[in-house]
Amino acid sequence: MADKQISLPAKLINGGIAGLIGVTCVFPIDLAKTRLQNQQNGSRLYTSMSDCLIKTIRSEGYFGMYRGAAVNLTLVTPEKAIKLAANDFSGITSLKMGEASKKLTLVKEMLAGCGAGTCQVIVTTPMEMLKIQLQDAGRLAAQRKLMPEVVAAGTVDTKSPTAMELTRQLLREKGIAGLYKGLGATLLRDVPFSIIYFPLFANLNNLGKRGVDGPAPFYVSFLSGCVAGSTAAVAVNPVDVIKTRLQSLNRGSSEDTYSGVTDCIRKILRNEGPSAFLKGAYCRALVIAPLFGIAQVVYFLGVGEFILSFLPKKDN
């Protein structure tokens, strides 16, 4: 049986719902990733992901693991919408089971992924900018209590700002450019991620198809999404570390500040060594793999098509 084509509105609904569910499920791991990546030599508060989550719950409570989640939950739907629409118009058929890249060459698949990754940074950059400040605020507060020697007086605000307060402050002090700090690093992360993910998913998914035109079984698409997502996530993790460092506005007195991507790379190599670029890599893999696995579940169940079926159809 030939693959069923999905309309763009259904894809956008599926992508938005998958994003909301995925963020809710894996956000604590993403918080641990941000805090681990921002740690520098001499100011290490957490030894691992589990240690970070345990200390976060002890000092901030259960909901401390969801600092910044509101920003992600608000902006993840438009982010997925832009990415899926760009991907659709670039020539990738969709993430729906069995639909991926039947006629595109590998180079065209990579170019389509590049287009999707480039377009999504319109939403991703300000979303990440705000999220990182909120996620890292707890680490700095904990440093103030447990490691006061690494936090200079007045360096860190005692009150954690809200997303709206951060937005107003950045717009007032730096204009719209303040929300897009780290745009170059975000592009360097998201474009290669999409270039790796979309072709890898398409080709892994095609290996499990039933016949030439038949769809791949659900479990094949699910595993393909998880493998492709985690592979792409680990591959671009060094750039994610750079992006996180550049977008962090507050830091301890003993922690380095950076003027740009090259300055960040140079200081990390000099002060922390190459292994620092892999900080949070396994956290990022654990975040991305379920996100794309959940996306496959939503597409497989046809949630978007089900919702659209209740809308009145236009008469021809």
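I began with residues 285-311, where the chain is 85% helix and 0% strand and the end C-alpha atoms lie 38 Å apart. I note that this is a predicted model.

I then looked up residues 12-32 in the same way. The chain there is 100% helix and 0% strand, with 29 Å between the end C-alpha atoms. I had chosen both stretches from the UniProt record, an unreviewed entry, which places the feature "transmembrane region" at residues 12-32 and 285-311.

Next I turned to the secondary structure as a whole. I recorded 12 helices and 0 strands for the protein. Read from the N terminus, the order of elements is α-α-α-α-α-α-α-α-α-α-α-α.

I checked burial and contacts. The protein has 316 residues, and 53% of them count as buried. Of the contacts between residues at least 6 apart in sequence, 82% join residues at least 24 apart.

For the surface, I noted an accessible area of about 14,300 Å² for the protein. Carbon and sulfur atoms account for 67% of that area.

I then examined a nonpolar patch on the surface, formed by Y219, F222, L223, V297, F300 and L301. Together these residues have about 580 Å² of accessible area. I found that α8 (218-235) and α11 (281-301) are the elements that each give two or more residues to the patch.

Last, I looked at one residue of the patch, L301, which lies in helix α11. Is L301 buried or exposed? I entered L301 as exposed, because its relative accessibility is 59% and the cut-off for exposed is over 50%.

Note on methods
Residues are numbered from 1 along each chain as its sequence is written. This is a predicted model: local features need pLDDT of at least 70, side-chain atom pairs count only at pLDDT 80 or more; totals for chains, interfaces and linings use all residues. Side-chain values use heavy atoms; hydrogens and water are left out. Helices (H or I, at least four residues) and strands (E, at least two) are DSSP runs, numbered from the N terminus. Buried means under 20% relative accessible area, exposed over 50%, partly exposed in between (1.4 Å probe, protein chains only). Contact means heavy atoms within 4.5 Å. Accessible areas come from the Shrake-Rupley method with a 1.4 Å probe; for residues, only the protein chains shown count as cover. UniProt positions are given in the numbering used here, feature names are shortened, and annotations may be inferred rather than shown by experiment. Patches are made of residues with over 30% relative accessible area and no salt bridge: like charges are joined within 9 Å, nonpolar side chains (Val, Leu, Ile, Met, Phe, Trp, Tyr) within 5 Å. A salt bridge is a side-chain nitrogen of Lys or Arg within 4 Å of a carboxyl oxygen of Asp or Glu.
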